[in-house]
Amino acid sequence: MIEEAIKLAIIDEFTLFRKMLKGYLSEQENINITTHTSDPFELLNRLKHFPADILLSDILIANVNIIDVLKTIQTRHPEIRIIILSTCTDPKVISNLLDLGIHGYISKSDEPEELVQAIMTVANNRIYRNKLFTEALYYNKQYNIKPGINGFSASLNEREKKVLQLLWEEKSNREIADQLFLSVRSIEKIRQDMKDKLGLKSTVGLLKYGITNRIIEPANLTA
């Protein structure tokens with residue numbers, strides 16, 4: 001449940017689009033636009049003074065390597081969750097972005113209401129898994145998992161597999177904890193232990209692992 005206003009930053013090349021987007025989102029309940037710009041260096045500077053919970057970022061900005069920008073933001077501001085808002089719908093491109101640990105990917109051709117829904121979902125620390133996001137998860141099924149101890153591939157135990165399945169079903173830590181009769185802290189630890197065991201950095205990486213290793217039930221492989 002979101003109690004405080006969501007602080008939102010926007011980076012997009014086109015001024016008119018940014019201002020129209022700012023106007024639309026500012027009319028929504030619990031959303032506060034803290035900054036918007038087309039300049040990544042200006043964005044990094046403003047984030048020092050105007051913190052954000054979520055960054056809306058295009059990936060097509062002239063003369064800018066947005067991947068490097070997003071990596072820098074993640075390093076300096078790990079608390080910021082990233083939603084990509086772009087005209088690009090290439091699954092290969094999106095798949096590569098998922099490895100950064102983004103929380104959502106929205107096409108600029110989608111309805112405005114879907115963007116609001118994505119923002120609310122991500123603000124609750126969940127991944128917004130729409131059709132684009134799901135298709136990108138399937139794109140590279142040859143996802144490489146780091147070898148575990150003694151060079152053998154690490155594997156998950158039954159409890160970890162159950163947690164992974166529930167993550168795919170978009171359950172929150174509280175909902176998973178209630179279903180497995182565990183504490184929220186225990187679920188947080190299990191999630192982190194899975195990442196450490198598999199050499200992964202994000203929940204998206206865990207989902208890719210689940211798809212590749214057929215841990216996630218086929219009946220639930222839908223957008």
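This passage describes the overall make-up of a predicted model and then the packing of some of its helices.

The protein contains 10 helices and 5 strands. Of its 223 residues, 45% are buried. Among the contacts with a separation of 6 or more, 68% join residues that lie 24 or more positions apart.

Helix H1 spans residues 15-26 and has 12 residues. The distance from its first C-alpha to its last is 16 Å, close to the 16 Å expected at 1.5 Å a residue. Three residues of H1, namely Arg 18, Leu 21 and Leu 25, are buried. Viewed down the axis of H1, these buried residues fall within an arc of 65 degrees, so they line one face of the helix. On the other side of H1, Leu 16, Lys 19 and Met 20 are exposed. The cover over the buried residues of H1 includes strands E1 (6-11), E2 (31-37), E3 (54-57) and E4 (81-86), together with helix H5 (112-123).

Strand E2, one of the elements that cover H1, holds His 36. The relative accessibility of His 36 is 18%, and because buried means under 20%, His 36 counts as buried. Leaving aside residues up to four places away in sequence, His 36 touches Ile 10, Arg 18, Lys 19, Lys 22 and Arg 46. Of these contacts, Arg 18 is one of the buried residues of H1, whereas Lys 19 is exposed. The C-alpha atoms of His 36 and Lys 19 are separated by 8.2 Å, and the two residues are 17 residues apart along the chain.

Helix H4 (residues 91-98) also has a buried side. Ile 94, Ser 95, Leu 97 and Leu 98 of H4 are buried. These residues cover an arc of only 160 degrees around the axis, which puts them on the same side of H4. What covers them includes helix H3 (66-76), strand E4, strand E5 (104-107), helix H6 and helix H10 (203-212). Strand E4 is thus listed in the cover of H4 and also in that of H1.

Two packed helices are described by the angle between their axes and the distance between the axes. For H4 and H6 (residues 131-139), the angle is about 85 degrees and the axes are 8 Å apart. Angles of 65 to 115 degrees count as roughly perpendicular, and H4 and H6 are therefore roughly perpendicular to each other. On the H4 side, the contact is made by Pro 91, Lys 92, Ile 94, Ser 95 and Leu 98, and on the H6 side by Leu 132, Phe 133, Ala 136, Leu 137 and Tyr 139. By class, the residues of this contact are 8 nonpolar, 1 polar and 1 charged. Ile 94, Ser 95 and Leu 98 are also among the buried residues of H4.

A second pair consists of helix H7 (residues 158-168) and helix H9 (residues 184-198), which pack at an angle of about 100 degrees with their axes 10 Å apart. H7 and H9 are therefore roughly perpendicular to each other as well. H7 contributes Arg 159, Glu 160, Val 163 and Leu 167 to the contact, and H9 contributes Ile 187, Ile 190, Arg 191, Met 194 and Lys 197. The contact of H7 with H9 has 5 nonpolar, no polar and 4 charged residues.

Helix H9 also holds Asp 193, which counts as partly exposed at 28% relative accessibility. Asp 193 and Glu 160 are 33 residues apart in sequence, and their C-alpha atoms are 9.0 Å apart in space.

Key
Residues are numbered from 1 along each chain as its sequence is written. This is a predicted model: local features need pLDDT of at least 70, side-chain atom pairs count only at pLDDT 80 or more; totals for chains, interfaces and linings use all residues. Side-chain values use heavy atoms; hydrogens and water are left out. Axes are lines fitted to C-alpha atoms, for helices over the stretch in contact, and angles run from 0 to 180 degrees between N-to-C directions. Helices (H or I, at least four residues) and strands (E, at least two) are DSSP runs, numbered from the N terminus. Angles under 35 degrees count as roughly parallel, over 145 as roughly antiparallel, 65 to 115 as roughly perpendicular and the rest as oblique. Contact means heavy atoms within 4.5 Å. Ala, Val, Leu, Ile, Met, Phe, Trp, Tyr, Cys and Pro count as nonpolar, Asp, Glu, Lys and Arg as charged, and the others, Gly among them, as polar. The expected span of a helix is 1.5 Å times one less than its number of residues. Buried means under 20% relative accessible area, exposed over 50%, partly exposed in between (1.4 Å probe, protein chains only). The arc is that of the directions from the helix axis to the C-beta atoms.
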